[in-house]
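Work through the exercises below with the sequence and the model side by side. Each task is followed by a worked solution.

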Amino acid sequence: MMENPVALQVGFLWRAVCFGAVMGLFYSALGIFRHRRRRWLTAVADGFFWTVTAPVTFVFFMRLNGGDMRVYLLAGALLGGAAVSGTLFLATGWQKIKRKQRHL
């Protein structure tokens, strides 16, 4: 019995969104090393992120879709990462902005 290609592609898209969300959480977790005064530490954390993320992303897409890079999968991964970043900003960023405005 053949699977429905549309259902299969939606499943791939969902996995890509979840993968992007995990990568977004990983990037946010490395945020503890970002300091304005210690820029070298930020550079090291960002370098570590890309050193880990690049091969993991390559392996993920190789296993997910046999190495065929589809635009909708890349968009799904970016959407997942953006959703995590946006959610974390709403959870933490607005409080920081409000505190700064009170002190002005």
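Contact here means heavy atoms within 4.5 Å. The model is predicted: local features need pLDDT of at least 70, side-chain atom pairs count only at pLDDT 80 or more, and totals for chains, interfaces and linings use all residues. Residues are numbered from 1 along each chain as its sequence is written, and side-chain values use heavy atoms, with hydrogens and water left out.

**Exercise 1. Describe the fold and the burial of the chain.**

Step 1. Helices (H or I, at least four residues) and strands (E, at least two) are DSSP runs, numbered from the N terminus. The chain has three helices and zero strands, in the order α-α-α from the N terminus.

Step 2. Buried means under 20% relative accessible area, exposed over 50%, and partly exposed in between (1.4 Å probe, protein chains only). Of the 104 residues, 24% count as buried.

Step 3. Among contacts in the chain with a separation of 6 or more, 61% join residues 24 or more positions apart.

**Exercise 2. Check the length of H1 and list its buried residues.**

Step 1. The expected span of a helix is 1.5 Å times one less than its number of residues. For the 25 residues of H1 this gives 36 Å, and the end C-alpha atoms are 36 Å apart, so the two agree.

Step 2. Phe12, Ala16, Val17, Phe19, Gly20, Ala21, Met23 and Gly24 are the buried residues of H1.

Step 3. An α-helix has 3.6 residues a turn, so residues three or four places apart point the same way.

**Exercise 3. Which residues make up the largest nonpolar core, and which helix gives the most to this core?**

Step 1. A nonpolar core is a set of buried Ala, Val, Leu, Ile, Met, Phe, Trp, Tyr and Cys residues joined through side-chain atoms within 4.5 Å.

Step 2. The largest one has nine residues: Phe12, Ala16, Phe19, Met23, Phe60, Phe61, Leu64, Leu73 and Ala77. Helices H1 (5-29), H2 (39-65) and H3 (71-103) each give two or more residues to this core. H1 gives the most, with four residues.

Step 3. Leaving out residues up to four places away in sequence, Phe12 touches Leu64, Asn65, Tyr72 and Leu73.

**Exercise 4. Describe the surroundings of Asn65 and Thr53.**

Step 1. Asn65 lies in helix H2 and is buried, because its relative accessible area is 15%.

Step 2. Beyond its neighbours within four places in sequence, Asn65 is in contact with Phe12, Arg70 and Leu73. A polar atom of the Asn65 side chain lies 3.0 Å from the backbone oxygen of Asp68.

Step 3. Thr53 is also placed in helix H2. Thr53 counts as buried because its relative accessibility is 5%. With neighbours within four places in sequence set aside, Thr53 is in contact with Met23 and Phe26.

**Exercise 5. Classify two of the aromatic pairs.**

Step 1. Rings of Phe, Tyr and Trp (its six-membered ring) pair if their centres lie within 6.5 Å; planes under 30 degrees apart count as stacked, over 60 as edge-to-face and the rest as tilted. A search of the whole structure finds seven such pairs.

Step 2. The ring centres of Phe19 and Phe60 are 4.1 Å apart and their planes lie at 5 degrees, so this pair is stacked. Phe19 in helix H1 and Phe60 in helix H2 are 41 residues apart, so the pair links distant parts of the chain. Both residues are buried.

Step 3. Phe49 and Trp50 form an edge-to-face pair, 5.0 Å centre to centre with 75 degrees between the planes. Phe49 is buried at a relative accessible area of 7%, whereas Trp50 is exposed at 56%.

Step 4. Ring pairs link Phe26, Tyr27, Phe48, Phe49 and Trp50 into a cluster.

Key: Polar contact = N/O pair within 3.5 Å; in protein donor to acceptor, adjacent residues only side chain to side chain.
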